[in-house]
Amino acid sequence: MSNSTCILCPQFSSLLTGAIHDIDQCICDPGYYFDSGCTGCLPSSFKFDYGNHGCISCGEHTTSIPSANNQTQCQCIEGYEADGDYGPDISGGVCISSCGPGLYGVGGACYPLSLIHISEP
């Protein structure tokens with residue numbers, strides 16, 4: 001086929017600029033990987049670029065929207081929080097356990113609420 005012929009790529013795929021106008025040249029959009037067609041990345045993963053390769057994991061204890069196309073869409077699941085300023089939305093960031101009921105956190109450590117002394121005015 002010539003490059004003057006228009007083609008319609010399957011759903012969630014595109015023909016990149018400069019590619020030969022042929023249906024076999026269609027590749028998956030960001031947020032999608034190839035599995036008998038372009039399939040959305042599962043929650044807790046993302047894919048930021050075009051191509052038929054797989055999605056990237058957000059890491060342990062994370063979630064993301066389905067078909068996430070950017071690492072900034074990765075979040076910690078309930079019961080976990082970003083480790084300081086470095087959560088799963090940043091390369092190398094992780095989620096750490098949050099303090100449960102009856103506990104409070106300081107600097108990533110959990111302490112019983114009974115250790116807090118509240119002075120009344």
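Let's start with Tyr32: in this predicted model, Tyr32 has a relative accessible area of 14%, so it counts as buried, the cut-off being under 20%. Its place in the chain is strand S3, which covers residues 32-34.

Tyr32 has an aromatic partner. A pair of aromatic rings is described by the distance of the centres and the angle of the planes. Here the ring centres of Phe12 and Tyr32 lie 4.3 Å apart and the planes meet at 10 degrees, so this pair is stacked. Phe12 sits in the segment before S1, 20 residues away from Tyr32 in sequence, so to speak a link between distant parts of the chain. How many aromatic pairs does the count give? The count is one. And what about cover for the other ring: is Phe12 buried, partly exposed or exposed? With a relative accessible area of 33%, Phe12 is partly exposed, whereas Tyr32 is buried.

From Tyr32 we can step across to Gly40, since Gly40 touches Tyr32, along with Gly31, Tyr33 and Ser67, leaving aside residues up to four places away in sequence. You'll find Gly40 in strand S4. Gly40 is buried as well, because its relative accessible area is 18% and the limit is under 20%. Now look at Pro66. In sequence, Gly40 and Pro66 are 26 residues apart, but from C-alpha to C-alpha the gap in space is 6.5 Å.

Now that a few residues have names, let's step back to the whole chain. The protein chain has 121 residues, and 22% of them count as buried. What is the chain built from, in terms of helices and strands? It has twelve strands and zero helices, and reading along the sequence gives the pattern β-β-β-β-β-β-β-β-β-β-β-β. If you take the contacts between residues at least 6 apart in sequence, 13% of them join residues at least 24 apart. As for the outside, the accessible surface comes to about 8,000 Å², and carbon and sulfur atoms account for 54% of that.

Next come the disulfides. The count comes to five, and we'll visit some of them, including the one between Cys9 and Cys26, whose sulfur atoms are 2.1 Å apart. This pair links distant parts of the chain: Cys9 is in the segment before strand S1 (13-14), and Cys26 is in the loop between S1 and strand S2 (27-28), with 17 residues from one to the other. The angle about the S-S bond is -80 degrees, and the link of Cys9 and Cys26 is left-handed. Both cysteines are buried.

Another disulfide joins Cys28 and Cys38, with an S to S distance of 2.2 Å. Here the link runs between strands: Cys28 belongs to strand S2 and Cys38 to strand S4 (residues 38-40), ten residues apart. Strand S4 is where we met Gly40. With -90 degrees about the S-S bond, the Cys28 and Cys38 link is left-handed, and each of these two cysteines is buried.

Then there is the disulfide of Cys58 and Cys74, with sulfur atoms 2.0 Å apart. Cys58 lies in the loop between strand S6 (56-57) and S7, while Cys74 lies in the loop between S7 and S8, so the bond ties together parts that are 16 residues apart in sequence. This link is left-handed too, at -60 degrees about the S-S bond. Both Cys58 and Cys74 are buried. For a contrast, look at Cys6: its relative accessible area is 73%, and it is exposed because that is over 50%.

Our last stop is Ser64, which touches both Cys58 and Cys74. Where does Ser64 sit? Its place is the loop between strand S7 (62-63) and strand S8 (75-76). Ser64 is buried, with a relative accessible area of 9%. Its side chain has polar neighbours in the backbone: a polar atom of that side chain lies 3.0 Å from the backbone nitrogen of Ser44, and 3.1 Å separates a polar atom of the side chain from the backbone oxygen of Ser45. Leaving out residues up to four places away in sequence, the residues that Ser64 touches also include Leu42, Pro43 and Gln73.

Conventions
Residues are numbered from 1 along each chain as its sequence is written. This is a predicted model: local features need pLDDT of at least 70, side-chain atom pairs count only at pLDDT 80 or more; totals for chains, interfaces and linings use all residues. Side-chain values use heavy atoms; hydrogens and water are left out. Helices (H or I, at least four residues) and strands (E, at least two) are DSSP runs, numbered from the N terminus. Buried means under 20% relative accessible area, exposed over 50%, partly exposed in between (1.4 Å probe, protein chains only). A polar contact is a pair of N or O atoms within 3.5 Å; within protein, one must be able to donate a hydrogen and the other to accept it, and residues adjacent in sequence count only if both atoms are side-chain atoms. Contact means heavy atoms within 4.5 Å. A disulfide is a pair of cysteine sulfur atoms within 2.5 Å. Accessible areas come from the Shrake-Rupley method with a 1.4 Å probe; for residues, only the protein chains shown count as cover. Rings of Phe, Tyr and Trp (its six-membered ring) pair if their centres lie within 6.5 Å; planes under 30 degrees apart count as stacked, over 60 as edge-to-face and the rest as tilted.
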